[in-house]
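The report below follows one protein chain from a single contact-rich position out to its overall fold. Please keep the sequence and the structure at hand while reading.

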Amino acid sequence: MSSSIPTITLSNGVQMPAIAIGTAPLSGSTAEAPQSNPNYVGFFPERVTRSVHLALQAGLRHIDTALMYRCHEHVAHVLCHWFMEGKLSREDVFITSKVFHPPAPGFGLDDTTIDISSLSVEEITNKVHAHFEKCLVELGVGYVDSMLLHWPSAGGGAGNATTKNDNDSSSGSGLVEIDHDNRAKRLAAWKVLEHYYNMGWARSIGVSNFHEVHIQHLLDDGATIVPQINQLETSVYIQHTKIIQYCQEKGIAVFAFSPFGRGVMDMEKDEILLEVAKKQNVSPGQVALAYLVQHLKCAVSFYSSSKERMEGNILACSVHLDPEDVTKLEMLQRSASWGLPSPYTLT
């Protein structure tokens, strides 16, 4: 592992690098589509090969991917090259992948998603088994370092990047009623992850986009392993105070994705981030990352195709925020996404 990147010790003792390269470059709307294909909305797996290669060159050793992203084989191609050249061994790299993503028209193909609402518990079990093993085959490895359940359910309401109200609450209007069938299906999917964990095919297992009630239900309903990771959209604007507090109390590491809000949040223009960045002689993005890693104690995943940006994000781990900086950044909480569902709207 790169000595400049801190690690997070998971509850089972596994060391997870705190900074990861994400592998989900996408066009979320026609406004983001390439000029040569202005109607395209979806993932760009073809961009992952170069970005992962540059990430390894920059010193990143944690790769955050998912079956849904359709880029496992691109990741495998890069790793095969580095392993073959003797630049790295399998033990030098931490691979996180994810299964159990509901259908997403325009993004997920039928063999990468699971229609949670229409399948029985037994069918869910069989499908997650198949998808877990598909991940290993596509990645070309014997085991993953972490496997996560990608989403707790389908549906949910998308956030709005300009919303100011705080609905990050385990009670009140922010939390929808849990669906009994979905609850049983989540447990069935979790049992599959426990099975492969016990086989050594995953060094750690966890969840993604789960709020504290989703996780507690797993534990109440028969999970024998407490999730070691919960991956959430987390940034200075979306701090998920209650979920993070719950995870910390349970020994669950929080793994932040979209720390920059995919550019929708205009962090580079935020007056508070600019003020702290000027004081620290760094960029607003580095301040935002330092806050997540140092103050919220999160691991962080980001996508970039720029080696310079990757190196700058690694340097963010060395930025020291003083209590005055932290107080200002805490006030940026919005509880609003760039467009993904809030965990509290998922049943």
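## Surroundings of H214

Once its neighbours within four places in sequence are set aside, H214 is in contact with P152, I178, R186, N209, P343, L346 and T347. The model in which these contacts are found is a predicted one. H214 belongs to helix α5, which runs over residues 212–221, and with a relative accessible area of 1% this histidine counts as buried.

Two of the residues that touch H214, P152 and R186, also appear among the contacts of F100, and that phenylalanine leads into the nonpolar interior.

## Nonpolar cores

The largest nonpolar core has 93 residues, and those with the most contacts inside it are L60, F100, V128, L193 and L321. Leaving aside neighbours within four places in sequence, F100 is in contact with I114, I116, I124, V128, L149, H150, W151, P152, K185, R186 and A189. Apart from the largest core lies another, of 12 residues, which includes I8, I229, F255 and A299.

## Helix α3 and its cover

Helix α3 takes in residues 121–139, 19 residues in all, and reaches 27 Å from its first C-alpha to its last, which is close to the 27 Å expected at 1.5 Å a residue. Within this helix I124, V128, H131, F132, C135, L136, E138 and L139 are buried. An α-helix has 3.6 residues a turn, so residues three or four places apart point the same way. The buried residues of α3 are covered by elements that include α2 (72–84), β7 (94–99), β8 (146–149) and α4 (180–199).

Two of the buried residues of α3, I124 and V128, are among the residues in contact with F100. Just after the helix, G140 takes a positive phi of about 70 degrees.

## An exposed arginine

How is R50 placed, buried or exposed? R50 lies in helix α1, which covers residues 48–58, and at 56% relative accessibility it counts as exposed, because the cut-off for that class is over 50%. The C-alpha atoms of R50 and S305 are separated by 7.3 Å, although the two residues are 255 residues apart along the chain.

## Cysteines without disulfides

A search of the whole structure finds zero disulfides. For C71, the closest cysteine sulfur is that of C135, at 10 Å, which is too far for a bond, because a disulfide requires the two sulfur atoms to be within 2.5 Å. C71 is buried, with a relative accessible area of 0%, and its partner in this comparison, C135, is one of the buried residues of α3.

For C247, the closest cysteine sulfur is in C298, and the separation of 9.2 Å is again too far for a bond. C247 is likewise buried, at a relative accessible area of 0%.

## The fold as a whole

The protein has 10 helices and 12 strands. Its radius of gyration is 19 Å, close to the 20 Å that the globule rule gives for 347 residues, so the protein is as compact as a globular protein of that length. Along its principal axes the C-alpha trace spans about 55 × 55 × 45 Å.

Buried residues make up 54% of the 347 residues, while the protein exposes about 14400 Å², of which carbon and sulfur atoms supply 51%. Among contacts between residues at least 6 apart in sequence, 77% join residues at least 24 apart.

Technical notes:
Residues are numbered from 1 along each chain as its sequence is written. This is a predicted model: local features need pLDDT of at least 70, side-chain atom pairs count only at pLDDT 80 or more; totals for chains, interfaces and linings use all residues. Side-chain values use heavy atoms; hydrogens and water are left out. Helices (H or I, at least four residues) and strands (E, at least two) are DSSP runs, numbered from the N terminus. Buried means under 20% relative accessible area, exposed over 50%, partly exposed in between (1.4 Å probe, protein chains only). A nonpolar core is a set of buried Ala, Val, Leu, Ile, Met, Phe, Trp, Tyr and Cys residues joined through side-chain atoms within 4.5 Å. Contact means heavy atoms within 4.5 Å. The expected span of a helix is 1.5 Å times one less than its number of residues. The radius of gyration is taken over C-alpha atoms; the globule rule is 2.2 Å times the number of residues to the power 0.38. Accessible areas come from the Shrake-Rupley method with a 1.4 Å probe; for residues, only the protein chains shown count as cover.
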